[in-house]
Amino acid sequence: MPHSPTTDSRAVLTAMYTAEARCPAAGGPGTASFDPPAPCFAPDVVLHQAAALPYGGVWRGYRGMERFFRAMSDTWAEFELMAQDFLATGETSVVRPIARARSRATGRELTFPVLQTLIVQDGRITEVRPFSWDTDAVVRASTP
């Protein structure tokens, strides 16, 4: 049975979320590897994170994503997506994950919803736009 764009997008996104969760545990400050999630992303991927977050900004390409995953690892000792509601899958996908994280700097835990729009083309993610419910809570939890 041939794969539809919807099936392919959901499989790509599921693989990316699984690999992303391994990054904080895989390293720690300065050592987290982008290798596990790299195959899920296009070489020219663009990630737009809210500027207020400790890992905020626009991250471009593999080098940008590698720096982003290191920044996430610097911030979170643990990062788990407990639930992922796939609201739409296709070239433009919308996913609502619930994240549970523990700050590396403070040890505080936080559970928070995120809404993400992702563009998947030719089996790879080309753009990610996460919308955090409460960026201030993330900053408070992760700042000593």
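**Close-up 1. Salt-bridge network of Glu78, Glu80, Arg100, Arg102 and Glu109.** In this predicted model, salt bridges link Glu78, Glu80, Arg100, Arg102 and Glu109 in a network. A search of the whole structure finds eight salt bridges. The two views that follow show pairs from this network, among them Arg102 with Glu78 and Glu80 with Arg100.

**Close-up 2. Salt bridge between Arg102 and Glu78.** The side chains of these residues, Arg102 and Glu78, meet with an N to O distance of 3.1 Å. The pair connects distant parts of the chain: Arg102 belongs to strand β4 (residues 92–103) and Glu78 to strand β3 (residues 76–88), 24 residues apart. Arg102 is partly exposed, at a relative accessible area of 26%, and Glu78 is likewise partly exposed, at 29%.

**Close-up 3. Salt bridge between Glu80 and Arg100.** The closest N and O atoms of Glu80 and Arg100 lie 3.2 Å apart. Glu80 in strand β3 and Arg100 in strand β4 are 20 residues apart, and the pair links distant parts of the chain. Glu80 is partly exposed, with a relative accessibility of 35%, whereas Arg100 has a relative accessible area of 18% and is therefore buried, the limit being under 20%.

**Close-up 4. Salt bridge between Arg140 and Asp136 in helix α3.** The side chains of Arg140 and Asp136 form a salt bridge of 2.3 Å, N to O. Because Arg140 and Asp136 are four residues apart in helix α3 (residues 135–142), about one helical turn separates them. Arg140 counts as partly exposed at 47% relative accessibility, as does Asp136 at 43%.

Notes:
Residues numbered from 1 in each chain as written. Predicted model: local features only at pLDDT ≥ 70, side-chain atom pairs only at ≥ 80, totals over all residues. Heavy atoms only, no water. Salt bridge = Lys/Arg side-chain N within 4 Å of Asp/Glu carboxyl O. Helix = DSSP H or I, 4+ residues; strand = E, 2+ residues; numbered from the N terminus. Buried < 20%, exposed > 50% of the residue type's maximum accessible area, 1.4 Å probe, protein only.
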